[in-house]
Amino acid sequence: MIAEAERILLSEEEIQAKVKELGAEISSYYGDKPILALGILKGAIVFMSDLIRQITCPLEIDFMAVSSYGSSTESSGVVRILKDLDCSIEGKNVLIIEDIIDSGLTLNYLVENLKSRGPASVKIVTLLNKPSRRKVNIQADFNGFTIPDEFVVGYGLDFAERYRNLPYICVLKPEAYQK
Ligand code: XMP
Ligand code: MG
């Protein structure tokens, strides 16, 4: 464990076991239907790269980068698209891959936006879920872990762009945020 970590919330082994379960669940849900796996940059990339290797359906990948308008701590629900999809999603089965659902505002906007483009379906898989923070009624179709209302880093999640490379998910010591 890194020195700045207070405690590990989810170990590498726990995460990998969950990713296998989610991959099996998703594979049996879609069967042999092709999926467009849509990763939300940057936080979802580590989860996405592990998860897609556990999915047996025909699959292509794409990415979007979004940023929420508003103050740094409160998301307004209005989302700016920094990087859009490369291709049309018309008639495709879109599976949004997220690292964490917090207020749900970002994803709520994204789902509405994607649905207006005529996909066959839009589903969501999230590794982490913080239901206590929810501001809009949005739920993932495939859920990894429900976690308490604490800021976490690792396995794609960052604080000031650091710690994305940790293979586990942890809570940082209060001092780590003051740097
Ligand atoms: P919403 O719109 O659901 O936004 O509030 C979800 C996004 O907020 C970020 N987020 C976190 N990032 N540790 C992080 O590193 C956390 O504990 C955390 N909680 C929310 C994240 O970017 C996510 O996509
Ligand atoms: Mg972040």
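Me: In which sense do S2 and S5 pair, and over how many bridges?

Reply: In this predicted model, S2 and S5 are paired in the parallel sense, and five bridges connect them. One residue helps to locate this pairing: Leu38 has Ile96 as its bridge partner in S5.

Me: Which residue is the bridge partner of Leu38 in S3?

Reply: The partner of Leu38 in S3 is Asp62. Strand S2 (residues 35-41) and strand S3 (residues 59-68) run parallel and are joined by seven bridges.

Me: How many bridges join S5 to S6, and which residue in S6 stands opposite Ile96?

Reply: S5 and S6 run parallel, with eight bridges between them. Opposite Ile96, in S6, stands Ile124. When following such a ladder, one should keep a general idea in mind: in a regular strand, side chains alternate between the two faces of the sheet.

Me: What is the order of the strands in the open sheet?

Reply: The order of the six strands is S4-S3-S2-S5-S6-S7, and the pairing is mixed. Strand S4 (79-83) and strand S7 (142-146) are the edge strands, each pairing on one side only. Neighbouring strands of this sheet are turned by 30 degrees against each other on average, direction ignored.

Me: Which strands does helix H1 lie across, and which does helix H2 touch?

Reply: Helix H1 (residues 12-30) lies across S2, strand S5 (93-101), strand S6 (121-129) and S7, and runs at about 160 degrees to S7. Helix H2 (residues 45-52) also packs on the sheet, where it touches S2, S3, S5 and S6. The direction of H2 makes about 160 degrees with that of S2.

Me: Why is S5 described as largely enclosed by the rest of the structure?

Reply: The reasoning rests on burial, for which a residue needs 20 or more other C-beta atoms within 10 Å of its own. Eight of the nine residues of S5 are buried, and therefore the strand is largely enclosed by the rest of the structure.

Me: What is the handedness of the β-α-β unit made by S5, H3 and S6?

Reply: The unit formed by S5, H3 and S6 is right-handed.

Me: Which residues come nearest to ligand 1, and which elements give two or more residues to the shell around it?

Reply: Of the 17 residues around ligand 1, the nearest are Asp102, Ser103, Leu105, Thr106 and Leu157. S5 and helix H3 (105-115) are the elements that contribute two or more residues to this shell. By character, the shell residues comprise eight nonpolar, six polar and three charged.

Definitions and conventions: Residues numbered from 1 in each chain as written. Chains lettered and ligands numbered in written order. Predicted model: local features only at pLDDT ≥ 70, side-chain atom pairs only at ≥ 80, totals over all residues. Pairing = 2+ DSSP bridges. Helix = DSSP H or I, 4+ residues; strand = E, 2+ residues; numbered from the N terminus. Axes fitted to C-alpha atoms, helices over the stretch in contact; angles between N-to-C directions. Contact = placed C-beta atoms within 7 Å. Near = placed C-beta within 6 Å. Nonpolar A, V, L, I, M, F, W, Y, C, P; charged D, E, K, R; others polar. Buried ≥ 20, exposed ≤ 12 C-beta atoms within 10 Å, placed from the backbone. Right-handed = clockwise from strand over helix to strand, strands pointing away.
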